[in-house]
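Please look at the protein shown here, paying attention both to its surface and to its interior. The report that follows describes some of what can be read from the atoms.

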Amino acid sequence: MGDSESSNGKRIDQLPEALLGTIMTKLDVASICSVTATCSNFKSCTSQILSFLTHFHLLDVAPSMAIIRPLLPPNPYLTSLKMHCGQLDDKATDLMLRPSLQELCLYNCADFSGKLLFEIGRHCKDLRSLYLGSVAEKRGRSIHITDLEELLGGCTQLEELVLMFDISLFLRHNFARVWALASEKLISLEIGYISSVMVTELLSPNLRPHRSPNNIQPSILPGIQKLCLSVDYITDIMVGTISQGLLSLTHLDLRDAPLIEPRITFDLTNSGLQQINQHGKLKHLSLIRMQEFLITYFRRVNDLGILLLADKCAKMESICLGGFCRVTDTGFKTVLHSCSSLHKLCVSHGTQLTDLVFHDISATSLSLTHVSLRWCGLLTNNAIRNLTSNIVLKMLDLRDCKNLGDESLRAISSLPRLKVLLLDGSDISDSGVSCLRYGVIGSLVTLSLRGCKRLTDKCISALFDGSSKLQLEELDLSNLPHLSDNGILALARSRVPISELRMRQCPLIGDTSVMALASMQVDEDRYYGSSLRLLDLYNCGGITQLAFRWLKKPYFPRLRWLGVTGSVNRDIVDALARNRPFLHVATRGEELGVGPWDCSDGTYMHDYDEVDELEQWLQEGEEESNDEEMEDAEHNAQVE
């Protein structure tokens with residue numbers, strides 16, 4: 001900013017305050033905070049801007065109460081609030097909740113109690129969209145049914161509701177009665193976890209008191225068009241109740257993760273599939289059995305069930321089927337040939353899915369843009385060669401299809417619009433990967449080569465020669481036993497503007513890789529290491545305490561997620577976490593990801609310079625003591 005001058009010699013900060021304010025309102029909150037740190041004029045302007053911003057989105061960091069208080073002054077114009085609440089609790093409710101809000105998204109609310117729901121119902125009567133994540137998940141926090149009652153009864157304009165936490169703890173005998181208070185305008189509902197029995201009781205038409213059994217009351221939530229639920233078991237009764245009761249349903253997403261093998265009364269069968277889409281409006285269907293706790297499948301569904309489903313699927317645009325182990329090529333092929341409007345196909349754990357499903361796909365009118373075939377172990381290169389006749393493909397997920405080799409990559413390289421390519425665990429070589437460089441690499445945004453054990457350092461130079469401008473933002477090189485520091489040095493020299501880099505479980509990756517990435521200059525206008533937001537180094541064999549010196553500021557200024565092995569030196573890891581309080585440091589091997597904190601609202605995103613000015617502004621006065629603490633930890637480690 002100090003060098004920013006117009007043609008007549010005036011600096012930007014000398015512009016009229018009203019004009020500065022207009023310009024700054026076009027920025028996101030993170031950018032406004034960064035500008036504030038540059039000069040007193042901008043700081044004065046910021047304090048006024050925050051009083052009439054219509055949107056306040058701060059998702060990159062989890063601010064404390066002390067930090068967020070000056071950022072949320074009284075503001076009658078605020079209509080949209082999105083925040084990461086990892087360091088907040090019930091004390092922040094009065095500060096965040098405003099009568100003017102129409103959109104409210106609060107992530108990671110583990111330290112909040114049910115009071116959050118209660119206060120939203122009291123203060124935010126005009127809400128249209130509400131997202132609440134992980135509410136009361138911290139020990140000692142609880143949610144009472146009256147909190148949900150106040151929320152549903154108070155927010156009478158609600159159109160979209162996402163409750164990403166376990167609501168099965170509510171008492172069942174009051175549950176349906178409370179949901180009867182929900183807004184008549186509610187068209188989209190997503191719940192993090194609920195039992196199938198509660199879903200059935202909620203959506204079953206209730207008999208009116210003291211009336212004959214023939215007097216049926218309409219279903220609760222009759223206007224729902226989109227329903228996404230994670231349940232204990234997907235059952236025929238639940239599916240039938242949903243299909244019969246929700247007359248306007250166009251989007252149905254159900255997933256379960258059984259703890260034990262389900263009995264027939266708690267399972268999905270051919271009969272249940274036949275009940276789906278009774279009103280003919282369904283366009284998006286997802287039925288997924290996850291294997292989170294138990295290797296289990298929909299064992300009571302076979303080709304007949306899929307044939308019965310396909311009869312009602314002519315208008316389907318998206319179908320996702322996971323865990324249908326008894327469905328063969330006949331069933332899957334019927335889906336492809338029955339759904340002429342299909343653009344998204346996802347099949348996971350399709351243990352009997354073979355190349356024959358895609359043998360004559362070029363003869364159909366399908367224009368598939370998204371295809372996921374994860375854990376379909378019988379597929380070979382022939383299937384991919386036929387599948388790529390859909391040249392409009394944008395996303396291709398072939399993870400854990402272990403029979404795929406270099407021939408698949410040669411076919412994939414001809415897809416001009418491909419943005420996402422996931423090849424985890426496939427049998428590809430450096431030579432095969434080089435095929436991508438002459439075609440698809442220019443359009444890719446996400447590439448995963450995790451667990452492709454034949455790959456070596458040569459695959460990096462084969463992909464990235466620095467001669468072309470790439471869009472690649474996410475790269476996964478985890479679990480590659482032959483990838484070494486030399487490969488990462490080649491990646492750093494290529495100046496690819498990667499924002500997420502995963503290299504976990506690579507035994508030959510060491511301190512040199514961290515130093516190379518810290519020194520990497522993406523282009524002439526950016527400083528070293530400035531592009532990475534996520535770096536996963538968990539269980540990399542050569543990482544020592546030396547690498548942690550390069551993980552301190554000012555290196556990696558945009559870094560928000562870091563995966564390391566805690567046993568390297570616990571004191572240094574803890575000191576790094578204190579040195580960079582807005583950096584999420586994971587040490588137990590958990591998968592990293594920004595998930596819902598991705599900014600997707602299309603506003604101008606903050607461009608970080610050598611020092612992360614947002615972090616600097618939020619942390620004024622703390623940096624010197626944190627640096628000393630980090631140095632002390634390193635010194636103690638050397639003495640030991």
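On the surface of this predicted model, Leu259, Ile260 and Phe293 form a nonpolar patch, and together these residues have about 340 Å² of accessible area. One of them, Ile260, is placed in the loop that runs between β8 (251-256) and α11 (270-275). Ile260 counts as exposed because its relative accessibility is 52%, and the cut-off for that word is over 50%.

Turning to the interior, the largest nonpolar core has 174 residues, and those touching the most other members are Ile120, Leu148, Trp179, Ile412 and Leu535. Apart from this core lies another one, of five residues, including Leu59, Cys105, Tyr107 and Tyr131. If the neighbours within four places in sequence are left aside, Leu148 is in contact with Leu117, Leu163, Phe170, Phe175, Val178 and Trp179. Trp179, a contact of Leu148, is thus named also among the core residues that touch the most other members.

The following table gives values for the protein as a whole.

| Property | Value |
|---|---|
| Helices and strands | 23 helices, 20 strands |
| Buried residues | 54% of the 640 residues |
| Accessible surface | about 27,600 Å² |
| Part of the accessible surface belonging to carbon and sulfur atoms | 50% |

How do the contacts in the protein relate to distance along the sequence, that is, what percentage of those between residues at least 6 apart join residues at least 24 apart? The value is 75% for this protein.

Methods
Residues are numbered from 1 along each chain as its sequence is written. This is a predicted model: local features need pLDDT of at least 70, side-chain atom pairs count only at pLDDT 80 or more; totals for chains, interfaces and linings use all residues. Side-chain values use heavy atoms; hydrogens and water are left out. A nonpolar core is a set of buried Ala, Val, Leu, Ile, Met, Phe, Trp, Tyr and Cys residues joined through side-chain atoms within 4.5 Å. Buried means under 20% relative accessible area, exposed over 50%, partly exposed in between (1.4 Å probe, protein chains only). Contact means heavy atoms within 4.5 Å. Patches are made of residues with over 30% relative accessible area and no salt bridge: like charges are joined within 9 Å, nonpolar side chains (Val, Leu, Ile, Met, Phe, Trp, Tyr) within 5 Å. Accessible areas come from the Shrake-Rupley method with a 1.4 Å probe; for residues, only the protein chains shown count as cover. A salt bridge is a side-chain nitrogen of Lys or Arg within 4 Å of a carboxyl oxygen of Asp or Glu. Helices (H or I, at least four residues) and strands (E, at least two) are DSSP runs, numbered from the N terminus.
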